[in-house]
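This report describes the enclosed and open spaces of one protein model and the surroundings of its ligand. The structure is shown first.

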Amino acid sequence: MAPGWKTAYRDWAAAGWNGVAGPTDWGGQGLPHAIGAVCTEMWNAASMAFGLGPMLTVAAAESLAAHGSEELKATYLAKLISGEWMGTMQLTEPHAGSDVGALRTRAERTVDGSYRLTGTKIFITYGEHDLTDNIIHFVLARIAGAPSGTKGLSLFLVPKFLVKEDGTLGERNDARAHSLEHKLGIHGSPTCVMVYGDRGGAVGYLVGEENRGMACMFTMMNEARLAVGLQGVAVAEAATQRAVAYARERKQGRTPGMDPTASVPIIAHVDVRRMLITMRALTRAARTVCYATAVAIDRARRAADPAVRVAGEERAALLTPVAKAFSTDIGSEVASLGIQVHGGMGFIEETGAAQHYRDARIAQIYEGTNGIQAIDLVTRKLPMAGGAVVTAYLAELREMIDAVRAANDPAFGATAPRLAAAADALERATSWLLATLATDPDAALAGATSYLRLFGATAGGCMLAAEALAASRQADGAADKPGRIAIARFFAENIAVQAPALAEIVTEGADAALTGTAGIGRS
Ligand SMILES: Cc1cc2nc3c(=O)[nH]c(=O)nc-3n(C[C@H](O)[C@H](O)[C@H](O)COP(=O)(O)OP(=O)(O)OC[C@H]3O[C@@H](n4cnc5c(N)ncnc54)[C@H](O)[C@@H]3O)c2cc1C
């Protein structure tokens, strides 16, 4: 690891940050997921390459807590929650990326009840390092004779060092990093090719039941998908802060009517301010979607009323792909604008603007590409409960818009009518997709990415307005009232206005997309 990281990691873990939302029975602080989300954003804004390791450890601990045997929990859970040991999450193989069901890593049952794993995993985040004394790998593999596809996958806990009965570390397991990838960004995060079974098989312990590995992995993946969405927000926030600071310092040009020999900080130029407010508005909109997802997860897990828990689970399921893809697209867009604000200096590494851009890009790819998230939203999440889950959510967005309209505060400008038009567009596109999915699935999929953007922009716009309205009801000077209203209004009038066009791509664009792309790939 890079110099200084070991100390930074150990100090960070010793201060209890790894276990913010972890279960108290195993040494966690038991705080709501919403608090965990806020912390995740801050760590990743400071360094995404650093934040990524703990993110996967927390997700792995979550899966072990939900599905592991008491024996496995007793040996590993407290150490994963405290961060004394870190965890990894291993699905990807050379021929099995988005298509996880194609993976070939094998697991053989042994007489003592453990398994021996053989195979190769690629792109494994924090697969090897010296930040912690042990690394606990969570590996998807197929037990001999299991069905093909995802239905035949099982999840295994494979420690780097085997743990003796007294809890001390024993032999090195037959699991090794074969090489490190050279990447576009997140250079501080070791991404490894992992090899299992060079010496007869890596010892692994089943988590959950045989062939139910995807269900266990999904506990981890949903957690990780929201966290990756938060990485998008985090990089966007860091890029925005850096760009604002630069725009205040860099002097260039004049504003109309000024002394021709003087120059102004570039923040005085309308186009630079346009970029900065766009960065801020997009970042905050993405943040609202991520926080709303975290709150839904809290309701799903903590509400006393079972009906509220079910509604929370459904809401979290609906919003997770939007939180992941919308926020990470925004992470890249905002980081790109950040470079633009810096001009040529943005392209030069020393300002740090380029690093945000390089780091942000992976978040659109890992934890299920953003294309796969859009497909998940359209094909699995919209049809939940016959469309009732998304319909209830749309009704809630309408209530937010009605409240802004009813407030009748001129500072909101055209926020309410613009958001109402966006909600109409989202409703149109949703009804069209629900009707078309069964009859013409390709047409529905052609607009899936535009639909996800439409969903995120409408939801984010409404939540920004609701947040600004709440701030407007606080005493003057509290909660940055004018700033919040200005951002909500800008988002509604300059960004959410794209919603009707996005809806049109969904409902009218499929034919051109499908006929136009039919020839692509022909040589
Ligand atoms: C830095 C880094 C860290 C990573 N960390 C981990 C990790 O810790 N653990 C782990 O298991 N993996 C990890 N990954 C792997 C990552 O999750 C995969 O790269 C990702 O899921 C995409 O798989 P792929 O690269 O094989 O792309 P492919 O699946 O080949 O996809 C290529 C393109 O085709 C599209 N596509 C593929 N299938 C479909 C489909 N059915 N419908 C529509 N479009 C489709 C994709 O959206 C994408 O645009 C990491 C990758 C990187 C680069």
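## The largest cavity

Among the elements that line the largest cavity, α3 provides the largest share, with eight residues. The model is a predicted one. Two or more lining residues come from each of α2 (33–46), α3, α4 (70–82) and α5. The lining comprises 27 residues in total, and those nearest the centre of the cavity are A21, G36, T40, V58 and E223.

The volume of this cavity is about 360 Å³, and the count of cavities of 30 Å³ or more comes to one. By residue class, its lining consists of 17 nonpolar, eight polar and two charged residues.

## The largest pocket

The largest pocket holds about 1,500 Å³ of space. Its lining is made up of 49 residues; M89, M221, R225, E367 and G368 lie nearest the centre. In this lining, 22 residues are nonpolar, 14 are polar and 13 are charged.

Helix α5 (213–249) is among the elements that supply at least two residues to the lining of the pocket, and α5 accounts for the largest share, seven residues. The other elements that supply at least two are α3 (48–67), β1, β3, α6 (270–302), α7 (306–342), α9 (353–363) and α10. Both α3 and α5 also give two or more residues to the lining of the largest cavity.

## The ligand and its shell

The ligand is located in the largest pocket. Elements that give two or more residues to the shell around the ligand are β1 (86–90), β3 (115–125) and α10 (370–381). Of these, β3 gives the most, three residues.

In all, 18 residues surround the ligand, and M89, T92, S98, F123 and T369 come nearest. M89 is also one of the residues nearest the centre of the largest pocket. The shell contains nine nonpolar, seven polar and two charged residues.

## Polar contacts of the ligand

Which residue has a side-chain N or O atom 2.6 Å from an oxygen atom of the ligand? That residue is S98. In the case of T125, a side-chain N or O atom is 2.7 Å from a nitrogen atom of the ligand. F123 approaches through its backbone, where an N or O atom lies 2.8 Å from a ligand nitrogen atom. On its own, the ligand has 970 Å² of accessible area, of which the protein covers 60%.

Definitions and conventions. Residues are numbered from 1 along each chain as its sequence is written. This is a predicted model: local features need pLDDT of at least 70, side-chain atom pairs count only at pLDDT 80 or more; totals for chains, interfaces and linings use all residues. Side-chain values use heavy atoms; hydrogens and water are left out. A residue is near a molecule or strand if one of its heavy atoms lies within 4 Å of it. A polar contact is a pair of N or O atoms within 3.5 Å; within protein, one must be able to donate a hydrogen and the other to accept it, and residues adjacent in sequence count only if both atoms are side-chain atoms. Accessible areas come from the Shrake-Rupley method with a 1.4 Å probe; for residues, only the protein chains shown count as cover. On a 1 Å grid over the protein atoms alone, a cavity is a set of points where a 1.4 Å probe fits but cannot get out, and a pocket is an open set with protein on both sides within 12 Å along at least five of seven lines; lining residues have an atom within 4 Å of a point. A molecule sits in a cavity or pocket if more than half of its atoms lie within 2 Å of its grid points. Helices (H or I, at least four residues) and strands (E, at least two) are DSSP runs, numbered from the N terminus. Ala, Val, Leu, Ile, Met, Phe, Trp, Tyr, Cys and Pro count as nonpolar, Asp, Glu, Lys and Arg as charged, and the others, Gly among them, as polar. Grid points are joined across faces, edges and corners, and a volume is the space filled by probe spheres set on the points.
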